[in-house]
Amino acid sequence: MNDDDRGDLARLTSDLRAAVAWHARAGAFAASARPTAAPERTEPADDAPIPLGRRILADIRAELGDCQRCKLAPTRNKIVFGNGAEHAVLMFVGEGPGADEDRLGDPFVGKAGELLDKMIDAMGWSRDAVYVANTVKCRPPQNRTPEADELAACTPFLHAQIDAIGPRVIVALGKPAANTLLGTNAPISSLRGRFHDYRNGARLMPTFHPAYLLREPDKKRDTWNDLKLVIAELERLGITPPKPPRA
Ligand code: SF4
């Protein structure tokens with residue numbers, strides 16, 4: 001290194017020291033001087049992660065919004081989105097809201113709902129440990145069967161809910177629910193009593209709708225036999241109910 005090089009190096013060093021001193025006074029290096037560990041929080045932040053299923057269900061509900069996607073919207077009072085455990089292993093899907101559900105915004109709250117509660121209880125479960133929804137989320141006038149265009153508009157939200165919840169077994173209550181979930185038009189009598197594959201590994205058991213059982217109580221025995229198959233399938237999957245099922 002000659003004298004010129006030494007002079008250049010000395011000027012560079014001096015300039016660098018001056019620049020560092022200026023940045024230090026300006027606080028530019030203050031952040032890098034702090035510990036890198038995140039500061040402790042005593043309160044959850046607004047953006048704190050929430051459980052996956054909960055976030056997805058909430059997103060689905062938000063996307064549904066004040067839905068006007070089909071002709072059931074103008075006559076409904078409340079959208080009946082569905083309720084229950086957000087990661088339920090057991091899910092029930094009915095046809096559509098009735099008058100009580102439309103008024104309250106919850107699925108299966110009328111007479112048929114009371115019977116569904118008894119069915120779930122006999123299986124050893126409770127309503128808040130399973131998830132309950134319908135093929136359409138708005139009441140069809142005079143409780144008629146949902147029409148194809150209504151199902152086409154609404155069931156993508158049901159499928160999204162099922163994906164978010166991830167149930168191992170789905171009980172389809174009645175022909176419309178079974179046909180919608182299985183993509184068939186077969187009568188419920190030919191579908192019930194055996195498992196069908198839904199998707200993502202979920203097993204689907206069609207059975208009679210509680211409203212039908214109120215009119216045809218002699219079908220309760222067949223329904224209970226279907227539900228016993230559900231209990232056995234859950235047991236096979238290593239899933240035991242919160243309390244022993246009825247024998
Ligand atoms: S039934 Fe479903 S698609 Fe039709 S308006 Fe209601 S929420 Fe929307």
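## Strand 4 and its partners

Phe92 has its bridge partner in strand 4: Val171. This is a predicted model. Leu90 also has a partner in strand 4, namely Val169. Phe92 and Leu90 belong to strand 2, which covers residues 90-94. Strand 2 and strand 4 run parallel, joined by four bridges.

Strand 4 also pairs with strand 6, residues 203-207. Five bridges join these two strands, and they run parallel. One of the pairings links Ile170 to Leu204 in strand 6.

## The sheet around it

Six strands make up an open sheet. Their order is 1-3-2-4-6-5, and the pairing is mixed. Strand 1 (83-84) and strand 5 (196-197) are the edge strands, each pairing on one side only. Helix 7, residues 175-182, packs on the sheet. This helix touches strand 2, strand 4, strand 5 and strand 6. Its direction makes about 130 degrees with that of strand 4.

## A buried strand

Strand 4 spans residues 169-173, and five of the five are buried, so the strand is largely enclosed by the rest of the structure. Both of its faces are covered. Val169, Val171 and Leu173 are buried on one side. Ile170 and Ala172 are buried on the other.

## Around the ligand

The ligand has 14 residues around it. Cys67, Cys70, Ala73, Cys138 and Cys154 come nearest. By class, the shell holds ten nonpolar, one polar and three charged residues. Helix 6 (residues 148-165) gives the most to this shell, with three residues.

How values were computed: Residues numbered from 1 in each chain as written. Predicted model: local features only at pLDDT ≥ 70, side-chain atom pairs only at ≥ 80, totals over all residues. Buried ≥ 20, exposed ≤ 12 C-beta atoms within 10 Å, placed from the backbone. Pairing = 2+ DSSP bridges. Near = placed C-beta within 6 Å. Nonpolar A, V, L, I, M, F, W, Y, C, P; charged D, E, K, R; others polar. Contact = placed C-beta atoms within 7 Å. Axes fitted to C-alpha atoms, helices over the stretch in contact; angles between N-to-C directions.
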